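Here are some short exercises for you to try with the model open beside you. Work through each task, then compare your route with the solution.

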Amino acid sequence: MDIGSGKKYPSNALSNFAPHPFVIDGIHCASMEGFLQSLKFSSPEMQGHICTLVGLAAKRAGSKKRWQKTQTLYWRGKEIKRDSEEYQKLLDRAYVALSKNDGFRRALLATKSANLTHSIGRSKQSETVLTKKEFCSRLIKIRELLQK
C-alpha cells in the first residue's frame, strides 16, 4: 500500500499531511508534517507555530529552510544532528505520540498486513528529515504493537 495524501483511505490518513493532532514533549502538533517541518527552525516559538500547521501549509513553511548543508535540526531550542541516535529517538517518540490519535490508529489498523511503501519519499538521510525507510518502518512497528 503506497502511502500518500492523494490516495484512498487508509493510505491518505497515514500521510504526514493528515490532520491527526498529537502532543510531544508538551508541544501540541496538528499533524506529523507540522512537527517534521518545525525541526528545521531553531526558534522554539517558531517551532510551536509550525507545529500548528497541517498538510501543504506545513510543508511550505519549512521548504525554504536549508538545513542540509549543516545536517542540523532542532527541537525545543536544542541542536540535533540529522544522522544521530538522538534524532532517531525523537522520531520514535513523535510516532508513538501520534499513535495515541484515534483516527491515525484506526487507519493504521485498517492496513491489516499490507506492505507499506511511500513512493514519493526520499531515501537519503542527508536530503530529507524523514526517509521512506524511517517512515514506513515506524508505521509497521506501531501497527504490530497495536495488533497485539
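**Exercise 1: The enclosed space**

Helices α4 and α6 each give at least two residues to the lining of the largest cavity. Before going on, note that this is a predicted model, where local features need pLDDT of at least 70, side-chain atom pairs count only at pLDDT 80 or more, and totals for chains, interfaces and linings use all residues. Residues are numbered from 1 along each chain as its sequence is written, and side-chain values use heavy atoms, with hydrogens and water left out.

*Task.* Find the volume of the largest cavity and the residues that line it.

*Solution.*
1. Rolling a probe the size of a water molecule over the atoms shows where empty space is left. On a 1 Å grid over the protein atoms alone, a cavity is a set of points where a 1.4 Å probe fits but cannot get out, and lining residues have an atom within 4 Å of a point.
2. Searching the whole structure gives one cavity of 30 Å³ or more. The largest cavity has a volume of about 50 Å³, a volume being the space filled by probe spheres set on the points.
3. Its lining includes A13, L14, M32, Y95, L98, F104, F135 and L139.
4. Sorted by class, the lining of the largest cavity has nine nonpolar, three polar and no charged residues. Here Ala, Val, Leu, Ile, Met, Phe, Trp, Tyr, Cys and Pro count as nonpolar, Asp, Glu, Lys and Arg as charged, and the others, Gly among them, as polar.

**Exercise 2: Two helix pairs**

*Task.* Describe how α4 and α5 each pack against α6.

*Solution.*
1. Take α4 (residues 85–98) and α6 (residues 132–147): they pack at an angle of about 50°, with axes 11 Å apart. That makes α4 oblique to α6, as angles under 35 degrees count as roughly parallel, over 145 as roughly antiparallel, 65 to 115 as roughly perpendicular and the rest as oblique.
2. The residues in contact (heavy atoms within 4.5 Å) are Q88, L91, D92, Y95 and V96 of α4 and E134, F135, R138, L139 and I142 of α6. By class, these are six nonpolar, one polar and three charged residues.
3. Now take α5 (residues 102–110): α5 and α6 pack at about 90°, with axes 10 Å apart. That makes α5 roughly perpendicular to α6.
4. Here F104, R105, L108 and L109 of α5 meet L139, I142, R143, L146 and Q147 of α6. This contact divides into six nonpolar, one polar and two charged residues.

**Exercise 3: The open space**

*Task.* Find the volume of the largest pocket and the residues closest to its centre.

*Solution.*
1. A pocket is an open set with protein on both sides within 12 Å along at least five of seven lines. The largest pocket holds about 580 Å³ of space.
2. Of its 26 lining residues, E33, Q37, K59, T128 and L130 are the closest to the centre.
3. The largest share of the lining, three residues, comes from α1.
4. The lining has seven nonpolar, twelve polar and seven charged residues.

**Exercise 4: Backbone exceptions**

*Task.* Locate the cis peptide bond and the positive phi at a residue that is not a glycine.

*Solution.*
1. Most residues other than glycine have a negative phi, and most peptide bonds are trans.
2. The bond from Y9 to P10 is cis, with omega near 5°, and P10 lies in the segment before β1 (22–24).
3. Q71 has a positive phi of about 55° and sits in the loop between α3 and β3 (72–75).

Terms used:
Axes are lines fitted to C-alpha atoms, for helices over the stretch in contact, and angles run from 0 to 180 degrees between N-to-C directions. Helices (H or I, at least four residues) and strands (E, at least two) are DSSP runs, numbered from the N terminus.
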